[in-house]
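Biologist: Could you walk me through this fold? I'd like to go from the surface inwards.

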Amino acid sequence: MKLRVIAVGRVREKHVRQAIDDYRERIKHYVGLDEVEISDGSDDEVAERTKKAAKEATIVTLDSRGQSMDSHEFAAFVERLARVDKGEIAFVIGGKEGLGPASLRQGKHMLSLSQMTLPHRIARLFLMEQLYRAMTILRGEPYGL
């Protein structure tokens with residue numbers, strides 16, 4: 001399994017960046033993980049940058065209108081996706097305006113982290129924590145239970 005988090009924009013707040021980095025390192029104990037920051041732009045430009053960054057991975061876009069899951073459902077979802085194609089999954093987080101229609105259409109799946117609007121840097125932290133939790137659930141380790 002190989003995970004990729006593709007995010008529009010950079011995380012500039014030091015304390016948020018440190019928390020994201022902490023979870024990134026924890027996840028790497030279980031699976032490969034790349035974090036790719038792409039620049040913002042028009043919807044078509046973001047869609048093109050996303051496609052390039054995702055390479056051949058299954059694209060999962062994040063949007064408040066997407067499917068909601070609890071942590072155990074999310075872990076099972078990640079495990080299912082890891083069994084198809086090349087076992088690579090790319091999660092895409094939009095910038096301050098979210099993802100536009102062209103970007104959303106690229107996703108094979110669309111998930112919601114929350115029906116509430118989240119700042120993109122907090123969405124990235126939330127996703128990283130849930131990816132780590134999913135890995136512990138799949139291994140039967142205490143953190144995710």
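Modeller: Sure, starting with Ile122: at 33% relative accessibility it counts as partly exposed, because that class lies between buried (under 20% relative accessible area) and exposed (over 50%), with a 1.4 Å probe and protein chains only. Bear in mind that this is a predicted model, where local features need pLDDT of at least 70, side-chain atom pairs count only at pLDDT 80 or more, and totals for chains, interfaces and linings use all residues. Residues are numbered from 1 along each chain as its sequence is written, and side-chain values use heavy atoms, leaving out hydrogens and water.

Biologist: Where does Ile122 sit?

Modeller: Helices here are DSSP runs of H or I with at least four residues, strands are E runs of at least two, and both are numbered from the N terminus. Ile122 falls within residues 120-139, which is helix α5.

Biologist: Is strand β4 largely enclosed or open?

Modeller: Strand β4 covers residues 88-93, and five of its six residues are buried. So the rest of the structure leaves β4 largely enclosed.

Biologist: Which residue of β4 is the bridge partner of Lys2?

Modeller: Strands pair if DSSP finds at least two bridges between them. Strand β1 (residues 2-8) runs parallel to β4, with six bridges joining them. For Lys2, the partner in β4 is Glu88.

Biologist: And which β4 residue is the bridge partner of Thr61?

Modeller: Strand β3 (residues 58-67) also pairs with β4 in the parallel sense, over four bridges. Thr61 has as its bridge partner in β4 Val92.
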